[in-house]
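Here is a short set of exercises to work through with the model open beside you. Try each task before reading its solution.

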Amino acid sequence: MLQVYFDNAATTRVREEVIEKMQHALSNCYGNPSSTHGFGRSAKTAIETARKTIAKYLNAHPSEIIFTSGGTEADNMILRCAVRDLGVRTIITTKIEHHAVLHTVEELAKDEHVDVLYVQLNAEGNPDLDHLRHLLAGQEGKTLVSLMHVNNEIGNLIDMQAVSSLCKEFDALFHSDTVQSIGHYSWDVQKTPIDFMTAAAHKFHGPKGVGFAFLRKNCGLKSMIVGGSQERGYRAGTEPFHNIVGLEEAFVLAYENLEQEKKYVSSLKDHFIKTVRKAFPEAQFNGLSGDMDKSTYTLVNVRLPISQEKALMLLFHLDIKGVACSKGSACQSGSDAGSHVLSEILTAEEQKNPSLRFSFSIYNTKEEIEYAVAVLKEFCKDEKSSAIT
């Protein structure tokens, strides 16, 4: 039996080169980066080198890169501090953002009396830019728009240039949760006038527990975590040096090999779509995830022609057959509430059939795809046989 990991949107396997870099850091560079002796200076130098490296690939200034514990902290920091420090009174977002954004803005609405407005979605799950324009035009106070670049459940891509231009036209700040796209897409923050972005290393074959925020220079934000003056005063606390150098290594390898690896992973997604459509002619791909040109190349979200009763056993069946995937984002594990994303874009009737997210990486193969689809087909065949009996 194969062991197949198709949950790369939740987290990715760490590259061997990253593990080696981190092991060396843990064994040899144990000085506190804030210490003035040689051990500390060595660690501090490596951290600043990592900051410069990341900035170079994004065409940003090194001072605009702030290391965090991951995407969730970075999203929280940006949204909360924008309200506290920049006077933001209105946040415009959608109802299909990651919960790191949605739950944060809900709390800001409750505790800080921030107005939260939601952009309408089309049938495929993309924000209506005409409605966004309408919402922006109706605001008088300081406004922040928060729209994720790649949706983590259905893979839809938004037009970052169009959104950032709209925000600039109406003097609104633009934040994007780019956790699913950093390491998978090229960025030039000088060409795209975005104010804030977020990243998590474990989404591009780096370690968990580390990420970064891009904060446009002179943005005016202050620290959310107070104490020491680390991270240029933006984030107190001793830096996790080994995680930061691991992030840097994963980041560099992701962009050095971007075109080659993107081509390979795209071929896997294309093969998956074709194989599923052949095996299940009635299957539907949620959002735009079945469109190779309008969604990320890393994932699909497929709705299968299986009854609700049988669907309860679907993930369990896949798991015992060695196939790992997700019925929603990993952040919803243990919840029976279902996907907040799919509930926004599917009808009640469409939601009766189970949906699964399969996400791919350079460590997957076409043989694994064929095995996984065969397991799904076997499961559906058993259901039909039971119905006939």
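A crossover is called right-handed if, with the strands pointing away from the viewer, the path from the first strand over the helix to the second runs clockwise. Helices (H or I, at least four residues) and strands (E, at least two) are DSSP runs, numbered from the N terminus. This is a predicted model, in which local features need pLDDT of at least 70 and side-chain atom pairs count only at pLDDT 80 or more, while totals for chains, interfaces and linings use all residues. Residues are numbered from 1 along each chain as its sequence is written, and side-chain values use heavy atoms, with hydrogens and water left out.

**Exercise 1. Find the handedness of the unit formed by β3, α4 and β4.**

Step 1: Locate strand β3 at residues 88-93 and strand β4 at residues 115-118; they run parallel and are joined by 4 bridges. Two strands pair if DSSP finds at least two bridges between them.
Step 2: Pick out a facing pair: isoleucine 91 is opposite valine 116 of β4.
Step 3: Follow the chain through helix α4 (residues 99-111); with β3 and β4 this helix makes a β-α-β unit that is right-handed.

**Exercise 2. Work out which strands stand at the edges of the sheet β9-β10-β12.**

Step 1: Write down the order, β9-β10-β12, for this open sheet of 3 strands with antiparallel pairing.
Step 2: β9 (284-285) and β12 (355-359) each have a single partner strand, so one side of each lacks a neighbour in the sheet, and these two are the edges.
Step 3: Check one pairing: 2 bridges link β9 with β10 (residues 299-303), and glutamine 284 sits opposite arginine 303 in β10.

**Exercise 3. Decide how exposed serine 229 and lysine 294 are.**

Step 1: Set the scale: buried means under 20% relative accessible area, exposed over 50%, and partly exposed in between (1.4 Å probe, protein chains only).
Step 2: Serine 229, in the loop between β8 (211-215) and α7 (241-256), has a relative accessible area of 62%, so it is exposed.
Step 3: Lysine 294, in the loop between β9 and β10, comes to 48%, so it is partly exposed.
Step 4: Add distances between C-alpha atoms: lysine 294 lies 6.4 Å from leucine 157, with their positions 137 residues apart in sequence. Serine 229 and isoleucine 154 are 75 residues apart along the chain and 39 Å apart in space.

**Exercise 4. Describe the cavities found in the whole structure.**

Step 1: Fix the terms. On a 1 Å grid over the protein atoms alone, a cavity is a set of points where a 1.4 Å probe fits but cannot get out, and lining residues have an atom within 4 Å of a point. Grid points are joined across faces, edges and corners, and a volume is the space filled by probe spheres set on the points.
Step 2: Count them: the search gives 2 cavities of 30 Å³ or more.
Step 3: The largest cavity has a volume of about 190 Å³. Its lining has 21 residues, with His184, His205, Tyr297, Thr298 and Phe360 nearest the centre. Helix α8 (residues 258-279) supplies the largest share of that lining, 4 residues.
Step 4: The second largest cavity holds about 80 Å³, and its lining includes Thr94, Glu97 and Asn156.

How values were computed: On a 1 Å grid over the protein atoms alone, a cavity is a set of points where a 1.4 Å probe fits but cannot get out, and a pocket is an open set with protein on both sides within 12 Å along at least five of seven lines; lining residues have an atom within 4 Å of a point.
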